[in-house]
Amino acid sequence: MTDRTPQTKEELAPNASGSWASIVKSLVIPRPIAWISTRSAAGVDNLSPHSYFIMVSSDPTIIQFVSTGVKDTLRNVVETREFVVNHTPVELFEKINATGTDYPPEISEFDAVGLTREPARTVAAPRVAESPASMECTLHGEPLKVGNGYVVFGQVRHVAVAAHALGERGPDARGLDPIARLGHDEWAGLGDIRSIRRIPYDSIKDPADSDPA
């Protein structure tokens, strides 16, 4: 077992322009990837991976991703107020990475990298047929500008999951087999999966702390 006693840390420094971004991106790991498909007002389908991605509300169910700068995904979402978050399985690693190329707006990444469109149920933007799961979303509020990023909130309107990625309790991590972003050009799969339940305070508090009968 690895020794986890307190460690002496090296004090790092930002880059020459004063930015900590490269270092912080290597520490905020692993990051799930929102593989976002949109359709422009002109009818061009866009697909792009975004690794600043998380769930922010359970009721209503709202997820968020960040666009660094104004790119096709953000423009399309603002124009149409909808998008689809497609799951990113390990087996599509190269194609996911390829959709991060800065294609011009008139070129669809679906066509450029050889992916199949699948009709969504509640939005016009297509789903990725090869992806094991898709979440159809409508824009919640307006994008929030933070520094050079735009935080986009989407309310989930519909979810579709492939049969092989479903277990008794719903979507199954092993079946989904997601890939995540790490630092620099590094990516990773799930590795070991362990389960543990949260410990209720009532099961560990000192009886003396209880209110008198």
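The lining of the second largest pocket is a lopsided affair by class: 17 nonpolar residues, 5 polar ones and no charged ones. In this predicted model, that pocket has a volume of about 390 Å³. Its lining runs to 22 residues, with Pro32, Phe53, His87, Leu176 and Pro178 lying nearest the centre. Strand 5 (82-86), strand 8 (133-139) and strand 10 are the elements that each give two or more residues to this lining, and strand 8 supplies the largest share, at 3 residues.

The largest pocket holds about 1100 Å³ of space. Its lining takes in 44 residues, and those nearest the centre are Pro49, Ser51, Tyr52, Thr68 and Lys71. Two or more lining residues come from each of helix 1, strand 2 (45-50), strand 3 (53-58), strand 4 (61-68), helix 2 (72-80) and strand 10 (149-161). Here the class split is 17 nonpolar, 18 polar and 9 charged.

As for the chain as a whole, DSSP gives 5 helices and 14 strands. The C-alpha atoms fit a box of roughly 70 × 50 × 35 Å along the principal axes, and 35% of the 213 residues count as buried.

Salt bridges come next, and the count is 7. One of them sits within helix 2, where Arg75 and Asp72 are 3 residues apart, about one turn of the helix; their closest N and O atoms are 2.6 Å apart. The two partners differ in cover: Asp72 has a relative accessible area of 12%, so it counts as buried, while Arg75, at 37%, is partly exposed. A comparable split shows up in the bridge between Glu118 and Arg127, with closest N and O atoms 2.9 Å apart. Arg127 is buried because its relative accessibility is 9%, and Glu118 is partly exposed at 28%.

Arg117 pairs with Asp111, again with 2.9 Å between the closest N and O atoms. In this pair Asp111 is exposed, at 53% relative accessibility, and Arg117 is partly exposed, at 34%. Both belong to a network of salt bridges that also links Arg39 and Asp45.

Finally, the surface carries a nonpolar patch made up of Leu12, Trp20, Val24, Leu27 and Val28, with about 500 Å² of accessible area together. Among these residues, Val24 sits in helix 1 (residues 21-27). Its relative accessibility is 40%, so Val24 counts as partly exposed.

Definitions and conventions:
Residues numbered from 1 in each chain as written. Predicted model: local features only at pLDDT ≥ 70, side-chain atom pairs only at ≥ 80, totals over all residues. Heavy atoms only, no water. Patch = residues over 30% accessible without salt bridge, like charges linked within 9 Å, V, L, I, M, F, W, Y side chains within 5 Å. Areas by Shrake-Rupley, 256 points an atom, 1.4 Å probe, with all protein chains shown as cover. Salt bridge = Lys/Arg side-chain N within 4 Å of Asp/Glu carboxyl O. Helix = DSSP H or I, 4+ residues; strand = E, 2+ residues; numbered from the N terminus. Buried < 20%, exposed > 50% of the residue type's maximum accessible area, 1.4 Å probe, protein only. 1 Å grid on protein atoms, 1.4 Å probe; cavity = no way out; pocket = protein on both sides within 12 Å on 5 of 7 lines; lining within 4 Å. Points joined across faces, edges and corners; volume = space filled by probe spheres on them. Nonpolar A, V, L, I, M, F, W, Y, C, P; charged D, E, K, R; others polar.
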